[in-house]
Amino acid sequence: MNKSCIKDLFYYYKYHALFIAFSVFVFGSIFYSFINHQIEQTNSANEPAPDLEILFFGEYHTEETSSLEKQIEQQFPNVDTVEINVEYSPAETDSEMDIASAQLRPVVLMKNEPDIYITDKTHFDIMTEMDVFYTIDSEEAFVQELSNDSLMWNPDDEEEIYGIDVSDSSLFHDSPVGGAEKIASIRGDSNNVEDALAWIEHAAK
């Protein structure tokens, strides 16, 4: 086979090779995350669960969460331990890395079971379609005091509130967690709904 034929073959198949390499990267990342999740579950099996878990999921960039955890613990005497995790996920997929991150969303949601999700609008909409949110009672006293603009409804049922927009909350003025939009929602099968509601009420005010 002469050099011209080899060059033509490489040109013709280079996009196929790139696609295969990218697919291997994506599925390899998913598998790696799954294995890490299993290891983390094994290591934390004997550790006491925190009183309140919060997951920032979306275009948030930080690994420093201890100051916010301490702030929440000080504000709520009945909450001794708070755990905050931040998982970056792009709102738009403009690059191959963004596409890979978007592909990992199901794994991220599988390995995290927080009491409260804090998301941007894009990820709130994605999770609404997955039916993972607790319905906040519209008759809650603090909800009655909020503007309609801050209430995030179930698009399929205008009487079900799935989240509260707390983007302007003073809690985040000095927070290391970046990102403009912050919609607070409660996981549907959370065991700490009462504490989660109390925190959202505090954040909303």
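Colleague: In this predicted model, which residue stands opposite Ile-183 in strand 6?

Modeller: Asp-165 stands opposite Ile-183, and strand 5 and strand 6 run antiparallel, joined by 2 bridges. Ile-183 is also the bridge partner of Thr-119, and strand 3 pairs with strand 6 in the antiparallel sense over 4 bridges.

Colleague: How should I read the two faces of strand 6, and which residues lie on each side?

Modeller: The general idea is that in a regular strand the side chains alternate between the two faces of the sheet. In this case Ile-183 and Ser-185 lie on one side, with Ala-184 and Ile-186 on the other, and all of them are buried, so that both faces of the strand are covered.

Colleague: What packs against the buried residues of helix 7?

Modeller: As a general idea, an α-helix has 3.6 residues a turn, so residues three or four places apart point the same way. In helix 7 the buried residues include Val-193, Ala-196, Trp-199, Ile-200 and Ala-203, and the buried residues of this helix pack against several elements, among them strand 6 (183–186), strand 5 (157–165) and helix 2 (66–75).

Colleague: What span should helix 7 have?

Modeller: At 1.5 Å a residue, the 12 residues from 193 to 204 should span 16 Å, and the end C-alpha atoms are 16 Å apart, which agrees.

Colleague: Is Ile-72 in helix 2 buried or exposed?

Modeller: Ile-72 counts as buried because its relative accessibility is 2%, under the 20% cut-off. Leaving aside residues up to four places away in sequence, Ile-72 touches Ile-54, Val-82, Ile-84 and Trp-199; Val-82, 10 residues away in sequence, lies 7.2 Å from Ile-72, C-alpha to C-alpha.

Note on methods. Residues are numbered from 1 along each chain as its sequence is written. This is a predicted model: local features need pLDDT of at least 70, side-chain atom pairs count only at pLDDT 80 or more; totals for chains, interfaces and linings use all residues. Side-chain values use heavy atoms; hydrogens and water are left out. The expected span of a helix is 1.5 Å times one less than its number of residues. Buried means under 20% relative accessible area, exposed over 50%, partly exposed in between (1.4 Å probe, protein chains only). Contact means heavy atoms within 4.5 Å. Two strands pair if DSSP finds at least two bridges between them.
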